[in-house]
Amino acid sequence: MSDLDALFEAARTVRKRAYAPYSNFLVGAALRAPDGTVFTGCNVENASYPVSVCAEGGAVSAMIAAGYREIAEAVVVGDAALCTPCGVCRQRLKEFGTDDLIVHVADLNGIKRSFSMDELLPAAFELEHKKD
Ligand code: THU
């Protein structure tokens, strides 16, 4: 299995653990660090809707808690035509993405499209302490 296939499988597997009783839309995200370590997250909703956390947010938090700072490749899986990261999550991914980060967007059957970070978030806001 290729690294990308494994990343897709990790995202598809964690998606099944999503807590999404309000939207019924389950999402899984898997991030690969430059050394190959993989971190995953799923969306966690709340009765107070804005409290919800996206799959990408959970995966970024898991990565940071493990002491990592860089994302080389990411896969987001949702049961939709194109489950692209929301605007907030694009900013989250940008914070930690390597210069050549690719974000793959998948449905349950496989990757549908792949985006550079510049395609997802052109003219992104950044500050000098990024990745400190
Ligand atoms: N969602 C994610 O977790 N990631 C995405 O990339 C798109 C949307 C979640 C948020 C909410 O729990 C549900 O999907 C419906 O919007």
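Read from the N terminus, the elements of the protein follow the order α-β-β-α-β-α-β-β-α. The structure is a predicted model, and its secondary structure amounts to four helices and five strands. The C-alpha trace covers about 40 × 40 × 30 Å along its principal axes. A radius of gyration near 14 Å would be expected for a compact globule of 132 residues, and the protein agrees with this because its own value is 14 Å.

With the overall fold in view, the ligand can be placed. The ligand sits in the largest pocket. Which residues are found around the ligand? Going along the chain, the list starts with Ser-23, Phe-25 and Val-27, continues with Asn-43 and Glu-45, then Cys-54, Ala-55 and Glu-56, and ends with Val-76, Cys-83, Thr-84 and Pro-85. Sorted by class, this shell holds seven nonpolar residues, three polar ones and two charged ones.

Several members of the shell also come close enough to the ligand to make polar contacts, and each of those described here involves a ligand oxygen atom. In the side chain of Glu-45, an N or O atom is 2.5 Å from an oxygen atom of the ligand. Glu-56 likewise contributes through its side chain, with a polar atom 2.6 Å from a ligand oxygen atom. Thr-84 takes part through its backbone instead: a polar backbone atom of Thr-84 is 3.4 Å from an oxygen atom of the ligand. How much of the ligand does the protein bury? Taken alone, the ligand exposes 370 Å², and 77% of that is buried by the protein.

Conventions:
Residues are numbered from 1 along each chain as its sequence is written. This is a predicted model: local features need pLDDT of at least 70, side-chain atom pairs count only at pLDDT 80 or more; totals for chains, interfaces and linings use all residues. Side-chain values use heavy atoms; hydrogens and water are left out. A residue is near a molecule or strand if one of its heavy atoms lies within 4 Å of it. A polar contact is a pair of N or O atoms within 3.5 Å; within protein, one must be able to donate a hydrogen and the other to accept it, and residues adjacent in sequence count only if both atoms are side-chain atoms. Accessible areas come from the Shrake-Rupley method with a 1.4 Å probe; for residues, only the protein chains shown count as cover. On a 1 Å grid over the protein atoms alone, a cavity is a set of points where a 1.4 Å probe fits but cannot get out, and a pocket is an open set with protein on both sides within 12 Å along at least five of seven lines; lining residues have an atom within 4 Å of a point. A molecule sits in a cavity or pocket if more than half of its atoms lie within 2 Å of its grid points. Ala, Val, Leu, Ile, Met, Phe, Trp, Tyr, Cys and Pro count as nonpolar, Asp, Glu, Lys and Arg as charged, and the others, Gly among them, as polar. Helices (H or I, at least four residues) and strands (E, at least two) are DSSP runs, numbered from the N terminus. The radius of gyration is taken over C-alpha atoms; the globule rule is 2.2 Å times the number of residues to the power 0.38.
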